[in-house]
Structure formats: C-alpha cells, structure tokens
Amino acid sequence: MQNILKDKIIEVCNKKIKNKGTNVGVSFYAFFANKNDNPELLMEAATWWIMEHKLDHFEKAVKIKSLVE
C-alpha cells in the first residue's frame, strides 16, 4: 500500500475516532472525495479492503487504523 494511502487512512480514522468515539465505523470510501479523481488509489484501497483482508463494508475505525499501522 502506498504511503499516501496509509497516511490518509490513519488521518481519517483518527479524526473519526476523535469526533465520534472508538465505536465509529468506516468504509474504504471514507478516504476519498465524492468524485473519482484518483481511480488507481481507490482501487488499491478497495483491493486491500475487500480482497486482501475480506473486510465487511463498514468496519471499526480503530481496527482499520491498527491494520494499516
């Protein structure tokens, strides 16, 4: 996984955990804008999330953060 994606995931997870607590869930779409401005990075995140880790659509932000770190 590219460092730019790792950094973005950790940043978003930290923000969501801070604002909504440790029980907050995220999907891989949370790391991207609502427009398809970087399809390669989106596919990398989707592949990591779905194919590599077999994660559900929504997972706890703390779990995702720990997988990336």
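Helices H1 and H3 run roughly antiparallel to each other. That is a good place to enter this structure, which is a predicted model. How do we describe such a pair? Two packed helices are described by the angle between their axes and the distance between the axes. Here H1 and H3 pack at about 150 degrees, and their axes lie 9 Å apart. Angles over 145 degrees count as roughly antiparallel, so this pair earns that label. The crossing of H1 past H3 is left-handed. If you want to find the contact on the model, look on the H1 side for Lys6, Ile9, Ile10, Cys13, Asn14 and Ile17, which meet Ala61, Val62, Ile64, Lys65 and Val68 of H3.

Now let us follow H1 by itself. This helix covers residues 3-20, and at 1.5 Å a residue its 18 residues should span 26 Å. The C-alpha atoms at its two ends are 25 Å apart, which agrees with that expectation. Just after the helix comes Gly21, and its phi is positive, near 95 degrees.

Which residues of H1 are buried? They are Leu5, Ile9, Val12, Cys13 and Ile17. Looking down the axis of H1, you would find these buried residues within an arc of 130 degrees, so they line one face of the helix. Turn to the other side of H1 and you meet exposed residues: Asn3, Ile4, Asp7, Lys15, Lys18 and Asn19. And what covers the buried residues? Helix H2 (39-52) and helix H3 (61-68) are among the elements that do.

H3 can be read in the same spirit. Its buried residues are Ala61, Ile64 and Val68. Seen down the axis of H3, they fall within an arc of 65 degrees, so they too line one face of their helix. The cover over them includes H1 and H2, along with strand S1 (25-26) and strand S2 (59-60). Ala61, Ile64 and Val68 may look familiar, as they also take part in the contact with H1.

Let us finish with one more residue of H3, Lys63. Is Lys63 buried, exposed or partly exposed? Its relative accessibility is 37%, and therefore Lys63 counts as partly exposed. You can also place Lys63 relative to Thr47: the two are 16 residues apart along the chain, and their C-alpha atoms are separated by 17 Å.

Methods. Residues numbered from 1 in each chain as written. Predicted model: local features only at pLDDT ≥ 70, side-chain atom pairs only at ≥ 80, totals over all residues. Heavy atoms only, no water. Helix = DSSP H or I, 4+ residues; strand = E, 2+ residues; numbered from the N terminus. Expected span 1.5 Å × (residues − 1). Buried < 20%, exposed > 50% of the residue type's maximum accessible area, 1.4 Å probe, protein only. Arc of directions from axis to C-beta. Contact = heavy atoms within 4.5 Å. Axes fitted to C-alpha atoms, helices over the stretch in contact; angles between N-to-C directions. Parallel < 35°, antiparallel > 145°, perpendicular 65-115°, else oblique. Left-handed = near helix turned anticlockwise from the far one by under 90°.
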